[in-house]
Amino acid sequence: MRLSTQRVPDNPKFGSPSDFKRAIADLKKTFVQDGVISTDVHDLEAHGFSTMDYHPATPHTVVVYPKSTEDVVKVVKIATKYRMPVIPYSGATSLEGHFRGHPVGGICVDLNYMNKILEIHEDDSDLVCQAGAGWMDINETLKQKGIPLFFPIDPGPGASLGGMLSTGCSGTNAVRYGTAKGEWFINATVVLPSGEVIKTKRRSRKSAAGFDTTKLFIGAEGTLGIVTEVTIRLAPVLPTTVAVVHFPDVGSATAASIEAIKQGAGIQCVELLDAIAMKATNNYGMSTRKWPEKDSLIFKFQGSSESSLKETAKIVQRVVAKHGGTGFVLAKNAKEADDLWADRKNLYHSGLSLVEGARGLTTDVCVPVSRLPDLIHETKKDLEKVGLVTSIVGHVGDGNFHALLLFKTDEELAIAQQAAARIVHRAIALDGTCTGEHGVGIGKRKYLIEELGAGTVDLMKTVKRAIDPLGIFNPGKLYPDPIHANKFQPQ
């Protein structure tokens with residue numbers, strides 16, 4: 001039976017422009033110190049727009065820079081009083097429009113000043129930090145302190161913990177360590193739309209006490225509350241090295257990655273670069289070597305010792321040879337491993353170098369690993385027909401891949417967007433998802449009913465309405481509008 005979602009309208013009623021002016025006046029009275037409130041046109045635009053995606057954009061009405069959970073509570077209470085949208089912002093690495101301004105205006109809550117590491121519990125392998133702390137900064141701090149632990153969830157550089165939790169992110173390490181939706185976020189401190197502050201659970205690693213309310217906010221994209229602090233689980237730092245191998249085609253490469261992982265060897269990452277991506281790496285000129293321009297895999301191995309790394313390399317080398325793998329290169333030392341891995345991390349900018357003045361649209365689908373060869377094969381055939389320069393890279397060890405489609409004109413952007421939509425429908429048809437790691441935001445919400453079903457989306461909306469009855473927390477994101485209820489028909 002479908003949930004009764006029609007009792008509460010999908011379109012919330014927001015305050016008027018005059019209400020918003022009074023809200024800004026209240027904010028200025030509440031935060032009298034300099035630098036906390038900004039209505040500067042450049043600040044509003046910088047917080048409401050992004051050069052990293054192509055979704056509709058609107059500037060915010062005001063930006064607030066809180067420095068504590070108590071500051072966030074004050075902002076939320078004023079927003080509630082005047083029914084003003086509240087949009088959280090931190091790392092700004094989102095690709096799906098998560099921090100876009102709402103068309104009526106709103107308060108952007110910039111958490112970048114809330115970036116402190118509050119507690120490190122080395123014996124418990126966990127750490128407490130504010131939401132604006134960056135994952136790379138955390139790992140660098142642990143390294144500088146000589147603590148042999150790290151946080152293994154690795155999305156784009158610059159991502160912050162609050163945003164990582166809120167989008168349910170992941171990255172290249174997901175083969176070994178999983179995603180943000182695993183057990184890496186132990187608890188969170190959240191300011192609810194009511195202004196109440198909650199902590200989702202205690203710091204103990206295990207708990208059977210009621211709902212897993214931490215998971216409620218993982219992937220909620222700021223629509224249920226503003227995360228201000230998190231406790232994260234840490235993993236031991238182990239020796240790693242990198243290997244690269246080339247294949248006659250993408251199908252052989254993906255099949256080899258699947259079999260290699262099934263061997264149970266110490267594989268931390270498996271990254272696919274198709275022949276065009278390898279060409280882009282050569283063209284970009286930042287690599288320490290010239291690569292054969294063939295479909296390739298980059299492995300990162302992890303083990304307790306150098307001997308275990310060598311054993312893993314031997315196992316993987318045998319497997320890839322069965323699938324036509326050639327030119328197997330294993331890093332000779334740590335510097336060479338870093339150089340090889342840098343070629344993977346530079347791929348977005350490498351790809352852009354293929355067409356002078358081009359911009360790039362990236363896709364983000366994921367399927368069960370066994371279906372990945374079919375998905376990539378069909379996608380490659382499709383992309384060969386669109387008339388754009390395209391490449392495929394991905395975290396093939398967990399079924400997630402990204403196509404990069406290069407364009408220069410609005411007409412080419414439309415072609416790229418249509419191709420990206422076809423990739424999404426193809427992935428969902430293979431029991432996959434429209435987004436493996438980027439989140440829903442504005443860009444993917446139209447696919448949720450097709451992927452999850454109307455009943456599941458209705459349940460999500462019911463939770464949203466129960467926690468945020470005024471609908472002011474990051475409105476227009478994540479939840480499909482009624483106009484998106486009909487299944488998209490691929491072109």
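This passage describes the overall form of a predicted protein model and then the surroundings of selected residues.

In the predicted model, the protein chain is built from 16 helices and 19 strands. Its radius of gyration is 23 Å, close to the 23 Å that the globule rule gives for 491 residues, so the chain is as compact as a globular protein of that length. Taken along the principal axes, the box filled by the C-alpha atoms of the protein chain has dimensions of roughly 65 × 55 × 50 Å. Of the 491 residues, 55% count as buried, and among the contacts with a separation of 6 or more, 74% are made by residues 24 or more positions apart. The surface that the protein chain exposes amounts to about 21600 Å², of which carbon and sulfur atoms supply 53%. The charged side chains comprise 56 positive and 54 negative ones, and the centres of these two sets lie 3 Å apart.

An unreviewed UniProt entry lists residues 55-237 under "domain: FAD-binding PCMH-type". Over residues 55-237 the model is 22% helix and 23% strand, and the C-alpha atoms at the two ends of this range are 38 Å apart.

Two residues of the listed range were examined individually. Ala-180 occupies the loop that runs between helix H6 (174-177) and strand E8 (185-191). With a relative accessible area of 0%, Ala-180 is buried, because burial requires a value under 20%. When residues up to four places away in sequence are not counted, Ala-180 touches Ile-153, Met-164, Gly-168, Cys-169, Phe-185 and Ile-218. Val-104, in turn, is 76 residues from Ala-180 in sequence, and the C-alpha atoms of the two residues are 32 Å apart in space. Ala-92 is placed in another loop, between strand E3 (86-89) and strand E4 (107-110). Although Ala-92 is not a glycine, its phi is positive, at about 60°, and its relative accessible area of 22% makes this residue partly exposed.

A positive phi is also found at Asp-431, where the value is about 70° although the residue is not a glycine. Asp-431 belongs to the loop between helix H14 (410-429) and helix H15 (448-452), and it is exposed, with a relative accessible area of 65%.

Towards the start of the chain, Phe-31 is situated in the loop that links helix H1 (17-30) and strand E1 (37-38). Phe-31 counts as buried, its relative accessibility being 4%. Apart from neighbours within four places in sequence, the residues in contact with Phe-31 are Val-36, Ile-37, Val-64, Asp-71, Lys-74 and Val-75. Between Phe-31 and Ala-260, which are 229 residues apart in sequence, the C-alpha to C-alpha distance is 57 Å.

Ala-260 recurs in the surroundings of a further phenylalanine, Phe-299, which is located in strand E14 (residues 295-302). Phe-299 is buried, with a relative accessible area of 0%. Leaving aside neighbours within four places in sequence, the contacts of Phe-299 are with Thr-241, Val-242, Ala-243, Val-245, Ala-260, Ile-267, Cys-269, Val-270, Val-316 and Val-320. Gly-397 is 98 residues from Phe-299 along the sequence, and in space the C-alpha atoms of these two residues are 9.6 Å apart.

Gly-251 forms part of helix H8 (residues 250-262). With a relative accessibility of 34%, Gly-251 counts as partly exposed. A separation of 72 residues along the chain lies between Gly-251 and His-323, whose C-alpha atoms are separated by 9.3 Å.

Notes:
Residues are numbered from 1 along each chain as its sequence is written. This is a predicted model: local features need pLDDT of at least 70, side-chain atom pairs count only at pLDDT 80 or more; totals for chains, interfaces and linings use all residues. Side-chain values use heavy atoms; hydrogens and water are left out. Helices (H or I, at least four residues) and strands (E, at least two) are DSSP runs, numbered from the N terminus. The radius of gyration is taken over C-alpha atoms; the globule rule is 2.2 Å times the number of residues to the power 0.38. Buried means under 20% relative accessible area, exposed over 50%, partly exposed in between (1.4 Å probe, protein chains only). Contact means heavy atoms within 4.5 Å. Accessible areas come from the Shrake-Rupley method with a 1.4 Å probe; for residues, only the protein chains shown count as cover. Lys and Arg count as positive and Asp and Glu as negative; His and the chain ends are not counted. The place of a charge is taken as NZ of Lys, CZ of Arg, CG of Asp or CD of Glu. UniProt positions are given in the numbering used here, feature names are shortened, and annotations may be inferred rather than shown by experiment.
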